[in-house]
Amino acid sequence: MEEKGLLKVVKFGGSSLANAEQFKKVGDIIKSDKDRHFAIPSAPGKRFNTDVKVTDLLYKCQEKAVNNEDFSEEFEDIKSRYNEIIEGLGISLSLEEEFALIEKNLKEKAGKDYAASRGEYLNGIIMANYLDFTFVDAATVLFFNKEGVFDSEKTNEVLGKKLKKVEYAVIPGFYGSLPDGTIKTFSRGGSDITGAIVARAIKADIYENWTDVSGFLVADPRIIYNPEPIDIITYKELRELSYMGASVLHEDSIFPVRKAGIPVNIKNTNAPEDPGSWIVESTGQKSKYVITGIAGRKGFSAINIDKDMMNVEVGFGRKVLQAFEENDISFEHMPSGIDTMTLFVEQKAFEPKEQLVISAIHKLAEPDSIEIESGIALIAVVGRGMKSARGTAGRIFAALAHARINVRMIDQGSSELNIIIGVDNDDFEFAIKAIYDIFVEVQL
């Protein structure tokens with residue numbers, strides 16, 4: 001009796017499908033594992049640094065169409081890109097009818113979402129033809145309600161039923177449809193989201209997300225030369241790092257699989273043998289280092305509020321936060337002492353309303369004084385291993401002190417999953433290097 005294999009969903013990014021050569025790599029990857037049943041392609045990305053993504057060309061066509069300008073030059077570039085891929089793959093396929101319909105709809109001002117979605121749509125047709133898979137138009141199985149909100153339950157039901165009848169299929173990423181049939185795209189990480197939705201609908205064992213890097217890295221390679229890769233990262237760790245600016249998958253793009261407990265494997269199309277990074281709900285495996293990753297962002301302001309005996313004044317914190325709420329400003333962190341409270345906010349959001357907020361705090365909470373400091377960077381040190389490791393905060397302080405970096409703030413959550421450090425913008429890169437060195441370099 002033949003052993004039952006795993007059920008895998010595979011998503012490929014734009015760089016993995018930029019030309020025929022890359023397309024062939026993708027084809028080899030999919031064909032090398034019969035468990036890879038459902039593939040989600042992005043639109044062709046850049047072939048070289050100065051190249052233009054197909055999606056950007058489509059946006060340009062749409063923009064010109066809205067202004068009743070001629071977009072034939074850009075549209076010919078799009079046609080040429082796809083025809084080069086078809087010719088390079090050596091398949092018998094013509095997209096002329098599709099091109100004609102898309103050009104017609106653009107001239108009739110079909111909309112920005114329609115224009116953007118055609119990159120994935122056309123690439124999906126090519127991939128299905130190349131692999132001899134069934135093509136499933138995402139507009140027929142992914143649904144948004146009339147308000148434009150994704151309808152996860154209807155999609156899960158219809159998509160699940162559709163794919164049960166198909167053994168191997170290609171479903172283009174990035175878009176679905178509104179109740180009237182109009183095309184609607186996801187706001188960000190669209191193809192990643194589609195892959196996760198498909199994985200949930202067919203109850204996949206694994207969701208593979210193929211890109212141009214071999215998984216996540218402990219730190220930003222623009223700051224740390226050749227940083228170590230992350231083998232396994234939990235959803236919670238991922239959320240902390242992505243929120244603080246790390247170039248990892250956005251939470252929206254993994255929520256469907258997170259809800260279903262499906263592990264995600266980030267892989268490299270150009271180095272398919274590399275193990276990549278695994279995103280999991282939970283793991284008993286210890287991380288290679290005490291920390292899992294380091295990420296951060298510049299451009300924060302600190303609002304320091306002083307008032308004697310504020311700790312015994314009921315409602316003081318609420319009154320302060322009300323001043324920010326009334327001005328539509330959210331805060332990032334709020335460390336406090338007996339007579340002091342500090343709120344960290346994004347500088348660009350705060351500065352235009354700075355005096356309105358200060359005035360509101362004085363009126364509502366009657367503090368003794370308020371002081372504002374700007375040009376602060378926040379750094380998150382994240383890791384499930386920190387729970388069982390003594391002296392993590394001490395090692396961070398020691399590393400920063402050795403690098404002559406002044407710590408403006410430190411905040412640790414009760415989960416012990418992350419520690420947030422505030423430093424001057426000018427010290428941002430030096431601080432990340434110091435923290436990386438103390439936790440990673442000394443263990444290598």
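Where is the place of Gly13? Gly13 sits in the loop between β1 and α1 (20-31), and Gly14 lies in that loop too.

Before going on, a word on what you're looking at. This is a predicted model, where local features need pLDDT of at least 70 and side-chain atom pairs count only at pLDDT 80 or more, while totals for chains, interfaces and linings use all residues. Residues are numbered from 1 along each chain as its sequence is written, and side-chain values use heavy atoms, leaving out hydrogens and water. Helices (H or I, at least four residues) and strands (E, at least two) are DSSP runs, numbered from the N terminus.

**The two glycines**

Here "buried" means under 20% relative accessible area, "exposed" means over 50%, and "partly exposed" is in between (1.4 Å probe, protein chains only). A contact means heavy atoms within 4.5 Å. The contacts below do not count residues up to four places away in sequence.

| Residue | Relative accessible area | Contacts |
|---|---|---|
| Gly13 | 7%, buried | Ser42, Trp210 |
| Gly14 | 17%, buried | Ser42, Ala43, Pro44, Gly45 |

Both glycines also turn up in the UniProt record: its unreviewed entry places the feature "binding site" at Lys11, Phe12, Gly13, Gly14, Thr211, Asp212 and Arg222. These positions are spread over 212 residues of sequence, and in space they reach up to 25.9 Å between C-alpha atoms. UniProt positions are given in the numbering used here, feature names are shortened, and annotations may be inferred rather than shown by experiment.

**The sheet**

Strands of a sheet pair through backbone hydrogen bonds, either parallel or antiparallel. Two strands count as paired if DSSP finds at least two bridges between them. In this model, eight strands make an open sheet with mixed pairing, in the order β3-β4-β2-β1-β7-β9-β10-β8. At the edges are β3 (134-135) and β8 (232-234), each pairing on one side only.

Now look at strand β7 (residues 206-211). Five of its six residues are buried, so the rest of the structure largely encloses β7. Five bridges join β7 to strand β1 (residues 8-12), and the two run parallel. β7 also pairs with strand β9 (residues 264-268), again in the parallel sense and over five bridges. Trp210 is a handy landmark: it is the bridge partner of Phe12, it stands opposite Lys267 in β9, and it touches Gly13.

Elsewhere in the sheet, strand β2 (residues 36-41) pairs with strand β4 (residues 169-170) in the parallel sense over two bridges, with Phe38 opposite Ala169.
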